[in-house]
Amino acid sequence: MESKKKYFMDCHLAGRKYHDADEVWEKLKVGTLLQLQRDLENRYDPEAVAVMYHDNEAEEDYCVGYIPQADNETLAALLEMGWTDTFECRISKVDEKAHPEYQVYLTIKISNIFVCYICVWVSFR
């Protein structure tokens, strides 16, 4: 049985023009699964969360951008706590005519298991 996903957040893909998105642009479609990766080495943002695309054919990972700085604090903390595999990040909109900073939108969801762990943690605090 496939577990249901719960909505976590929507945001645009920040910094797309400064990273590898152009190298895999034709593969970035609505519904494409992306990975979230905490970037502890980022000199511009101490809470940086990179958005990665894995090309199965080339067996290579590409950093296509970042979660916007205004939206990344909670997500960064959860990723640092080891919840990386609990998040599902997919492209929800692609608008090639928009400004590059707003061409790609993401929807991030979490599984019920994550919600249950948080509920248990909060109830026993």
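# Turns, Rings and Charges in a Predicted Model

Student: Which residue takes a positive phi just after H1?
Tutor: That residue is Gly82, where phi is about 95°, just after helix H1. Please keep in mind that the structure is a predicted model.

Student: What sign does phi have in most residues?
Tutor: Most residues other than glycine have a negative phi. In this model, Glu59 has a positive phi near 50° although it is not a glycine.

Student: Where does Glu59 lie, then?
Tutor: Glu59 belongs to the loop that runs between E3 and E4. The residue is exposed, because its relative accessible area is 59% and the exposed class begins over 50%.

Student: Back to H1. Which residues of that helix are buried?
Tutor: Helix H1 covers residues 73–80, and Leu75, Ala76, Leu78 and Leu79 are buried there. Viewed down the helix axis, these buried residues fall within an arc of 165°, so they line one face of H1.

Student: Why do residues three or four places apart point the same way in a helix?
Tutor: An α-helix has 3.6 residues a turn, so a step of three or four places leads back to the same direction.

Student: What is the relative accessible area of Ala76?
Tutor: The value for Ala76 is 0%, so this residue counts as buried. In space, the C-alpha of Ala76 is 8.6 Å from the C-alpha of Gln37, while the two residues are 39 positions apart in sequence.

Student: Let me zoom out. How many helices and strands are there?
Tutor: The protein chain has two helices and six strands. Their order from the N terminus is β-β-β-β-α-β-β-α. The chain has 125 residues, and buried residues account for 41% of them.

Student: New topic: how many aromatic pairs turn up?
Tutor: The search of the whole structure yields one aromatic pair. It is formed by Phe8 and Phe87, with ring centres 5.3 Å apart and planes at 70°; an angle over 60 degrees counts as edge-to-face, so the pair belongs to that class.

Student: Which strands do Phe8 and Phe87 sit in?
Tutor: Phe8 is in strand E1 (residues 5–12), and Phe87 is in strand E5 (residues 87–94). The pair therefore links distant parts of the chain, as the two rings belong to residues 79 positions apart.

Student: Is Phe87 buried or exposed?
Tutor: Phe87 is buried, because its relative accessibility is 10% and the limit for that class is under 20%. Phe8, with 24%, counts as partly exposed.

Student: What about charges? How many salt bridges does the count give?
Tutor: The count comes to seven salt bridges. In one of them, the side chains of Arg16 and Asp22 meet at 2.7 Å, N to O. Asp22 also forms a salt bridge with Lys17, where the closest N and O atoms are 3.4 Å apart.

Student: Is Arg16 buried or exposed?
Tutor: Arg16 is buried, at 5% relative accessibility. Asp22 is partly exposed at 40%, and Lys17 is partly exposed at 43%.

Student: Which ring does Arg16 lie over?
Tutor: Arg16 lies over the face of Trp25, at 4.1 Å from the ring centre.

Student: What is the distance in the salt bridge of Lys27 and Glu57?
Tutor: The side chains of Lys27 and Glu57 meet at 3.8 Å, N to O. Lys27 is in the loop between E1 and strand E2 (33–38), whereas Glu57 is in the loop between strand E3 (49–55) and strand E4 (60–66), so the pair ties together parts that are 30 residues apart in sequence. Lys27 is partly exposed at 26%, and Glu57 is exposed at 74%.

Student: Which residues are joined into one network by salt bridges that share partners?
Tutor: Arg16, Lys17 and Asp22 form that network.

Student: One more: which buried residue has no salt bridge, with Arg38 as its nearest side chain of opposite charge?
Tutor: That is Asp45, and the distance to Arg38 is 6.7 Å. Asp45 is placed in the loop between E2 and E3.

Student: What does the side chain of Asp45 reach, then?
Tutor: The side chain of Asp45 reaches the backbone nitrogen of Glu47, at 2.9 Å.

Terms used. Residues numbered from 1 in each chain as written. Predicted model: local features only at pLDDT ≥ 70, side-chain atom pairs only at ≥ 80, totals over all residues. Heavy atoms only, no water. Phe/Tyr/Trp six-rings, centres within 6.5 Å; stacked < 30°, edge-to-face > 60°. Helix = DSSP H or I, 4+ residues; strand = E, 2+ residues; numbered from the N terminus. Buried < 20%, exposed > 50% of the residue type's maximum accessible area, 1.4 Å probe, protein only. Lys NZ or Arg CZ within 6 Å of the ring centre and 35° of its normal. Salt bridge = Lys/Arg side-chain N within 4 Å of Asp/Glu carboxyl O. Arc of directions from axis to C-beta. Lys, Arg positive; Asp, Glu negative; His and termini not counted. Polar contact = N/O pair within 3.5 Å; in protein donor to acceptor, adjacent residues only side chain to side chain.
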